[in-house]
Amino acid sequence: MVNGLGGPNFIPVPADYDGDGKTDPAVYRAANGLWLVNLSGNGYALQTISGFGAANAAPVPADYDGDGKADPACYRSSDGLWVIECSASGYATAVVNNFGGLGWTPVPADYDGDGKTDPAVYRQADGLWVSILSASGYAINTVSFGGPKYQPAK
């Protein structure tokens with residue numbers, strides 16, 4: 001059991017950050033980009049990531065590099081900026097610019113079945129889904145599905 005992780009102004013971001021098959025309790029504070037993760041594979045030891053994110057960035061952690069570990073990631077809707085810390089490459093930063101923006105909701109998932117999460121966005125106004133598919137060399141894929149009365153389900 002984990003007690004005292006987070007508090008006011010923290011967003012829960014549970015995921016398997018250490019690749020042991022168990023979800024690790026984790027929180028994110030957008031104001032200063034602070035991530036706190038209790039790693040289950042290490043006796044729930046606390047791992048801290050500082051300065052990764054921003055006040056107007058939403059956390060979107062997932063396994064973007066396919067190594068079995070969730071990668072800390074943020075999406076900024078004001079300009080469609082994605083920033084991903086890739087665990088498979090020693091937490092090197094991957095950046096995707098101008099992908100989404102105002103009116104777009106981040107919906108990352110493995111859309112092509114290659115074991116890697118693909119950055120993706122959904123625009124409710126017209127039901128447009130746009131994803132960057134890792135299995136096809138990061139090609140852009142668009143699909144119309146949904147619309148004004150529909151929200152993406154997780």
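This is a short walk through the sheet and the cysteines of a predicted model.

Let's begin with the sheet. Its 4 strands lie in the order β1-β2-β3-β4, forming an open sheet with antiparallel pairing. At the edges you will find β1 (11-12) and β4, each of which pairs on one side only. As a reminder, strands of a sheet pair through backbone hydrogen bonds, either parallel or antiparallel.

Moving inward, strand β2 (residues 26-29) meets β3 in the antiparallel sense, over 4 bridges. To get your bearings here, look for A26, which stands opposite V37 in β3.

On to the next pair: strand β3 (residues 34-39) and strand β4 (residues 45-49) run antiparallel and are joined by 5 bridges. A handy landmark is L36, with T48 of β4 opposite. The two strands β3 and β4 make a hairpin, with 5 residues between them. Within that turn, G43 has a positive phi of about 65 degrees.

Now for the cysteines. How many disulfides does the model contain? The count comes to 0. Take C74, which is in no disulfide: the nearest cysteine sulfur belongs to C86 and is 13 Å away. Why is C86 not bonded either? Its closest cysteine sulfur, in C74, is 13 Å off and therefore too far for a bond, given that a disulfide requires sulfur atoms within 2.5 Å.

Are these cysteines buried or exposed? C74 counts as buried because its relative accessibility is 4%. C86 also counts as buried, with a relative accessibility of 14%. The cut-off behind both calls is under 20% relative accessible area.

Terms used:
Residues are numbered from 1 along each chain as its sequence is written. This is a predicted model: local features need pLDDT of at least 70, side-chain atom pairs count only at pLDDT 80 or more; totals for chains, interfaces and linings use all residues. Side-chain values use heavy atoms; hydrogens and water are left out. Two strands pair if DSSP finds at least two bridges between them. Buried means under 20% relative accessible area, exposed over 50%, partly exposed in between (1.4 Å probe, protein chains only).
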